[in-house]
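The exercises below ask for a reading of strand pairing and of totals for one chain. Each task is followed by a solution in steps.

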Amino acid sequence: MSESSTFDLPITGMTCASCAGRVERALRKVAGVSSVSVNLANERAHLELNDQVDPQILVNAVRLAGYDAELTPAEPSADVQSQRLNHERLALVLAVLLALPLVLPMLLQPFGVHWMLPTWVQFALATPVQFIFGARFYVAAFKAVRAGAGNMDLLVALGTSAGYGLSLYEWAVARPGSLPHLYFEASAVVIALVLLGKYLESRAKRQTASAIRALEALRPERAIQVVDGQERDVAISALRLNDRVLVKPGERFPVDGEVLEGQSHADEALISGESLPVPKQPGDKVTGGAINGEGRLLVRTQALGAETVLARIIRLVEDAQVAKAPIQKLVDKVSQVFVPVVLVLALATLVGWWLYGAPLEIAVINAVAVLVIACPCALGLATPTAIMAGTGVAARHGILIKDAEALERAHAVNTVVFDKTGTLTSGTPRIVHFSALDGEEDTLLQWAGALQRGSEHPLAKAVLDACAERGLSVPDIRDSQSMTGRGIAGSLDGRRLALGNRRLLDELGLSPGALAESAQAWESEGRTLSWLIEQNETPRVLGLFAFGDSLKPGALAAVQALGERHIASHLLTGDNRGSAQVVARALGIANVHAEVLPGDKSAIVQQLKEHSVVAMVGDGINDAPALAAADIGIAMGGGTDVAMHAAGITLMRGDPRLVPAALDISRRTYAKIRQNLFWAFVYNLIGIPLAAFGLLNPVLAGAAMALSSVSVVSNALLLKFWTPKQLENKR
């Protein structure tokens, strides 16, 4: 390993952001390590080394911190990860099934039903939950203690052990035939609820990691290499710079390169954000991952592997995910102080009552009462119940919130950055302007439709859609001829007609004439122009079509709704400045960033984050780095899987009005989490002193725990009344 090098170390055993922090601290202490960044999503530590370091020393440092690392591990497949998630789901279901009979008597008491399971049945149900499904919490708590930290796992281990142990004690000292006060149900329910939270975290973590896999899936595995006129099917890894590669119609470009032969169009919407196909001819650049159109192209390789645009996008997503500062959960922050304080108070209660002269049994009962009232039942319910209620009602309205981290970030958003194509606009071209120089508009539109009938080009579909909207029949064309890179021509009723771009106009030596002013104005708006030309003895211009993207119906309402909440809107697009300004003016967006490359999108979001809490809204691959770099990413459901994987919130419908709705339900859900945590801690702050002074026996302590749980659940269920109807009805 050379000086000033980088090194990636796979880590296993991390379960939360605090785990990643402990691994980082352990690795930073190794001599020669200048910086460490642990990515919880892909379970890797990225290290920058300024000196020669033995990799085994790094592995040993991770193991001393309580985790594991391997220098040459097998990459876990999607199937293996799915099996792990299924295992967690099975453990959760079994724990819930065992805990439900234990909590049922408590739920029936308010209805006057006083019924209790036999002690041995409660013991039989609670023991597997405590020591089989709850074993992970004991392991994690041990690691936290060894690292000198307190977390939720330690609270769960202490609280459930206290309840379980007290139940065993009460059972052991009970008189024959009497029914002792047991707390098996409290321990089992806490473990089941926290397992639910762990399962939701694991699922969100797997979705985050799949963003990288989805990006990598865009890379073609093979290419057609041309050597001395012979075509050979080879692996991408076998290609070298300046090799010649043949790309057939409909295939993805396997490399970044330059066109040597052929003419075609390239769909670069997923890479550059450009909504319309881009003409390609000799001398033009092509990007790996883009889709070739109708022509065969011979391409000279100019970038391979890690140097391609797509590879750089993948690295940007990875770097953005690593750079996300993990939010230190409020529960974990308080737990670092709360846990040792509770232990000290319980010990002080035991010693105090014993010194006061009370029997040892009374001292133990009061000390355990402190631990029971401090058992984090309400803490375990506070976050999952609010998240389940909030995300459930949001999903019914078309908003998918991926994890709690998205909720925590979204509530403070004060700046929303919109991608243009596919987000605020439909992403499909249509005729936005049309001018007839010679003849009736409907007649010229019919002629244009006749030329385009049968074509798969997006502009052809726009012409035919316009004919259909006006109820115009499309006549048959004869002698149709495609002019690659220029347009299309054909014969109709004795006329030789052509529909093409400015290049065709120049080849025929025609001038725009009276349409010159309109053409210039429409081009300044970023529109794509097509000229309808008659090619008989005296060629002449018949009309001009301007194609552009159309605004989505809810775009204006979305921007206005954000403005009413004092949330600033920005437009960020790879399209030209003219088309970006047209959209911005129509929506009232003052902040416009146009002609932006994918890497620059991420950089602009990072700049905005210096002074604002930023949400990025997008739908394409080119948006993935910016979605990952933003405080919160919001993906349009009609977009790519990559965008949805990289985002914390996905809108199941491509309706921009769901953006302010998503921020609203996130804010309300986060508020419920904070309220629930407040009530959970209030019960502890009141109950612990009462238990310590012997005014709250373990039975009342268990009742207080149940009451705190009912409080947080009831508060969370109020979210079910939320509705975004005001936004949906706004036009």
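**Exercise 1: the open sheet**

Task: state the order in which six strands form an open sheet, and find its edge strands.

Solution. The six strands of this open sheet follow the order β6-β5-β7-β13-β8-β11, with antiparallel pairing. The edge strands are β6 (230-235) and β11 (285-286), each of which pairs on one side only. Strands here are DSSP runs (E, at least two residues) and helices are DSSP runs of H or I with at least four residues, both numbered from the N terminus; two strands pair if DSSP finds at least two bridges between them. The model is predicted, with local features needing pLDDT of at least 70 and side-chain atom pairs pLDDT 80 or more, whereas totals for chains, interfaces and linings use all residues. Residues are numbered from 1 along each chain as its sequence is written, and side-chain values use heavy atoms, leaving out hydrogens and water.

**Exercise 2: bridge partners**

Task: which residue in β11 stands opposite E258, and with which strands does β9 pair?

Solution. Strand β8 (residues 256-261) runs antiparallel to β11 and is joined to it by two bridges, and E258 stands opposite K285 in β11. Strand β9 (residues 264-267) pairs in the antiparallel sense with β10 (residues 278-280) over three bridges, where H265 has P279 as its bridge partner. β9 also pairs in the antiparallel sense with β12 (residues 291-292), over two bridges, and there the bridge partner of D267 is I291.

**Exercise 3: the chain**

Task: how many helices and strands are in the chain, and what percentage of its residues is buried?

Solution. The chain holds 26 helices and 26 strands. Of its 731 residues, 51% are buried (under 20% relative accessible area, with a 1.4 Å probe and protein chains only).

Technical notes
Buried means under 20% relative accessible area, exposed over 50%, partly exposed in between (1.4 Å probe, protein chains only).
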